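Welcome! Below are some short exercises, each with a worked solution. Have a look at the structure first, then try each task before reading on.

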Amino acid sequence: MMFGVPITKNNYLAKKEVNVLIEQLKKLEEKSFKYKTKLSVKPKIDNLIDYYGGKNPTTMSSCKIPFDTIAIYDNGKVTTGCLAYEVGHLKEKRSIKDIWISQKTRDFQELINDNKIIPPCFRCCGLDYVFT
């Protein structure tokens with residue numbers, strides 16, 4: 001059984017396709033302003049050509065998710081909201097606060113602090129992308 005689709009080329013969208021996407025996003029922004037609605041596009045990307053061209057983000061990219069987000073799954077799994085990295089489980093009979101301030105959570109946050117981003121971050125919608 002295969003999960004996902006293997007990437008068989010260096011780019012994800014052709015430059016022409018990215019330009020169409022950029023045009024469409026600009027139109028959405030205009031409509032959002034006109035109709036006074038809030039538009040939020042995730043991930044926030046400073047360069048769509050580089051992103052869809054398969055270029056890796058720099059360590060100037062950043063993410064706040066491991067530091068301000070907690071996710072609780074229907075099976076009781078508790079994560080930092082990042083990479084589905086489990087930092088606890090509700091069956092442990094610990095409070096969510098105790099899980100949040102646990103050593104396992106702090107270790108993961110330290111990993112992100114030390115490395116800025118790690119390979120699984122490269123296509124995450126929580127990353128604020130910066131390309132050179």
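**Exercise 1. Two cysteines**

Does Cys63 count as buried or exposed, and what is its relative accessibility? Then find out how Cys63 relates to Cys82.

*Solution.* Keep in mind that this is a predicted model.

Step 1. The relative accessibility of Cys63 is 16%. Buried means under 20% relative accessible area, so Cys63 counts as buried.

Step 2. Turn to Cys82: its relative accessible area is 5%, and Cys82 is therefore buried.

Step 3. Look for a bond between the sulfurs. The nearest cysteine sulfur to that of Cys63 belongs to Cys82, 5.5 Å away. A disulfide needs the two sulfur atoms within 2.5 Å, so this pair does not qualify.

Step 4. Cys63 is in no disulfide, and Cys82 is in none either. The structure as a whole holds zero disulfides.

**Exercise 2. The nonpolar core**

Work out how many residues the largest nonpolar core has and which helices supply at least two residues of it.

*Solution.* Step 1. Start with a general idea: in soluble globular proteins, nonpolar side chains tend to be buried together.

Step 2. The largest nonpolar core here has 16 residues. Those with the most contacts inside it are Ile45, Leu48, Tyr51, Cys121, Leu127, Tyr129 and Phe131.

Step 3. At least two core residues come from each of α1 (15-34), α2 (48-52) and α5 (103-115).

Step 4. Zoom in on Leu48. Leaving aside residues up to four places away in sequence, Leu48 touches Val18, Leu21, Ile22, Leu25 and Gly53.

**Exercise 3. The largest pocket**

Describe the largest pocket: its volume, the residues closest to its centre and the make-up of its lining.

*Solution.* Step 1. The largest pocket holds about 250 Å³ of space.

Step 2. Its lining has 13 residues, and Leu25, Val41, Pro43, Ile45 and Leu48 are the closest to the centre.

Step 3. Ask which elements take part. α1 and α2 are the elements that give two or more residues to the lining, and α1 gives the most, with five residues.

Step 4. Sort the lining by class: nine residues are nonpolar, four are charged and none is polar.

Step 5. Link this to the previous exercise. Ile45 and Leu48 are among the residues with the most contacts inside the largest nonpolar core, and Ile45 and Leu48 are also among those closest to the pocket centre.

**Exercise 4. Two lysines and their phi angles**

Find the phi angles of Lys93 and Lys116, and say where each lysine lies.

*Solution.* Step 1. Most residues other than glycine have a negative phi.

Step 2. Lys93 is not a glycine, yet its phi is positive, about 60 degrees. Lys93 sits in the loop between β3 (86-89) and α4 (96-100). With a relative accessibility of 76%, Lys93 counts as exposed.

Step 3. Lys116 also has a positive phi, of about 70 degrees, although it is not a glycine. Lys116 lies in the segment after α5. With a relative accessibility of 44%, Lys116 counts as partly exposed.

**Exercise 5. Near or far in space**

Compare separation along the chain with separation in space for Thr105 and Thr79, Gln24 and Asp128, and Ser95 and Leu25.

*Solution.* Step 1. Thr105 and Thr79 are 26 residues apart in sequence, and their C-alpha atoms are 8.5 Å apart in space. Thr105 lies in helix α5 and counts as buried, at 0% relative accessibility. Beyond residues up to four places away in sequence, Thr105 touches Thr80, Val87, Ile99 and Trp100.

Step 2. Gln24 and Asp128 are 104 residues apart along the chain, with 21 Å between their C-alpha atoms. Gln24 is in helix α1 and is partly exposed, with a relative accessible area of 41%.

Step 3. Ser95 and Leu25 are 70 residues apart along the chain, and 42 Å separates their C-alpha atoms. Ser95 lies in the loop between β3 and α4 and counts as partly exposed, at 35% relative accessibility.

**Exercise 6. A serine in a helix**

Which helix holds Ser32, and which residues does Ser32 touch?

*Solution.* Step 1. Ser32 lies in helix α1.

Step 2. Its relative accessible area is 11%, so Ser32 is buried.

Step 3. Not counting residues up to four places away in sequence, Ser32 touches Thr37, Lys38 and Leu39.

Key: Residues numbered from 1 in each chain as written. Predicted model: local features only at pLDDT ≥ 70, side-chain atom pairs only at ≥ 80, totals over all residues. Heavy atoms only, no water. Core = buried A, V, L, I, M, F, W, Y, C linked by side-chain atoms within 4.5 Å. Buried < 20%, exposed > 50% of the residue type's maximum accessible area, 1.4 Å probe, protein only. Helix = DSSP H or I, 4+ residues; strand = E, 2+ residues; numbered from the N terminus. Contact = heavy atoms within 4.5 Å. 1 Å grid on protein atoms, 1.4 Å probe; cavity = no way out; pocket = protein on both sides within 12 Å on 5 of 7 lines; lining within 4 Å. Points joined across faces, edges and corners; volume = space filled by probe spheres on them. Nonpolar A, V, L, I, M, F, W, Y, C, P; charged D, E, K, R; others polar.
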